[in-house]
Amino acid sequence: MRKTFSRLDTVLIERLYQPLLDFITDSSGVSRAAAACFCADIASLAWIVSRASGLSDAVTAWNANSAVAGFILLLLGLAALTGLRTLFRRAGGTQGNPLRIVMKPHRAIVLLMLVARLLQLETFAVADIADLAMLTFATSALYLGACAQRPPVRRSSAAFAAVPGQ
């Protein structure tokens, strides 16, 4: 199972998300971390929308236990997505991207959750679509965060060397 996911993970990074990130970087100048943070922000907004109707129904029905549990679940999800956003801003550097290896289990879990949610989708209610959007953008954030940052452009010292005889 690990080998199968590793192959799928590599294909998703190198064939889908790395070219997408290269296109975003070339066309808008947005960095890998900024693109991943943007996806995490959209996932946070979708999480709020997906939980809002259940939470408002619990408050309207004066069901305190359900309202408190829904509010705690909302805050836990937001805390997780905010922590992920912070990690994307801090990770990187000259030694390569540590998130490609470290976040592999996270990508596997979110992909499984996305597939399970797609299989469970029966209605097209706002909460269901928002939940699906949250999982899609969280998956995209994890994969964009795992992509390699382009190496800096190196200038050849031969281009700046003096031409002999001048």
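Helices are DSSP runs of H or I with at least four residues, and strands are DSSP runs of E with at least two, each numbered from the N terminus. The views below show a predicted model.

**Figure 1. The loop between α1 and α2, centred on V30.** V30 is located in the loop that lies between α1 (2–28) and α2 (32–60). Its relative accessible area is 28%, so V30 is partly exposed, a class that lies between the cut-offs of 20% for buried and 50% for exposed. When residues up to four places away in sequence are set aside, V30 touches I24, T25 and A35.

**Figure 2. Overview of the chain and its six helices.** The chain contains six helices and zero strands. Read from the N terminus, the order of elements is α-α-α-α-α-α. The chain has 166 residues, of which 33% count as buried. Of the contacts between residues at least 6 apart in sequence, 76% join residues at least 24 apart.

**Figure 3. Packing of α1 against α6.** Two packed helices are described by the angle between their axes and by the distance between those axes. For α1 and α6, the angle is about 85° and the axes are 9 Å apart. This angle makes α1 roughly perpendicular to α6, since angles of 65 to 115 degrees fall in that class. On the α1 side, the contact is made by F5, D9, L12, I13, Y17 and L21; α6 contributes T139, S140, Y143, L144 and A146. Sorted by class, the residues in this contact of α1 with α6 are eight nonpolar, two polar and one charged.

**Figure 4. Packing of α3 against α6.** The axes of α3 (residues 64–90) and α6 (residues 126–146) come within 11 Å of each other and cross at roughly 20°. That angle makes α3 roughly parallel to α6, because angles under 35 degrees are placed in that class. The crossing of α3 past α6 is left-handed. In the contact, L81, L84 and F88 of α3 meet A138, A141, L142 and G145 of α6. By class, the contact of α3 with α6 has six nonpolar residues, one polar residue and no charged residues.

**Figure 5. Helix α5 and its buried residues.** Helix α5 (residues 104–120) has 17 residues. From its first C-alpha to its last, α5 reaches 24 Å, close to the 24 Å expected at 1.5 Å a residue. The buried residues of α5 are R107, A108, V110, L111, L114 and R117. An α-helix has 3.6 residues a turn, so residues three or four places apart point the same way. The buried residues of α5 pack against α1, α4 (99–102) and α6.

**Figure 6. Surroundings of D131 in helix α6.** D131 lies in helix α6. With a relative accessibility of 12%, D131 counts as buried, because the class takes in values under 20%. Leaving out residues up to four places away in sequence, D131 touches W47, S50, R51 and R117. R117 also appears among the buried residues of α5.

**Figure 7. V59 of helix α2 and G70.** V59 is placed in helix α2. The relative accessible area of V59 is 48%, and V59 is therefore partly exposed. V59 and G70 are separated by eleven residues in sequence and by 9.8 Å in space, C-alpha to C-alpha.

Methods:
Residues are numbered from 1 along each chain as its sequence is written. This is a predicted model: local features need pLDDT of at least 70, side-chain atom pairs count only at pLDDT 80 or more; totals for chains, interfaces and linings use all residues. Side-chain values use heavy atoms; hydrogens and water are left out. Axes are lines fitted to C-alpha atoms, for helices over the stretch in contact, and angles run from 0 to 180 degrees between N-to-C directions. Angles under 35 degrees count as roughly parallel, over 145 as roughly antiparallel, 65 to 115 as roughly perpendicular and the rest as oblique. A crossing is left-handed if the near helix is turned anticlockwise from the far one by less than a right angle, and right-handed if clockwise. Contact means heavy atoms within 4.5 Å. Ala, Val, Leu, Ile, Met, Phe, Trp, Tyr, Cys and Pro count as nonpolar, Asp, Glu, Lys and Arg as charged, and the others, Gly among them, as polar. Buried means under 20% relative accessible area, exposed over 50%, partly exposed in between (1.4 Å probe, protein chains only). The expected span of a helix is 1.5 Å times one less than its number of residues.
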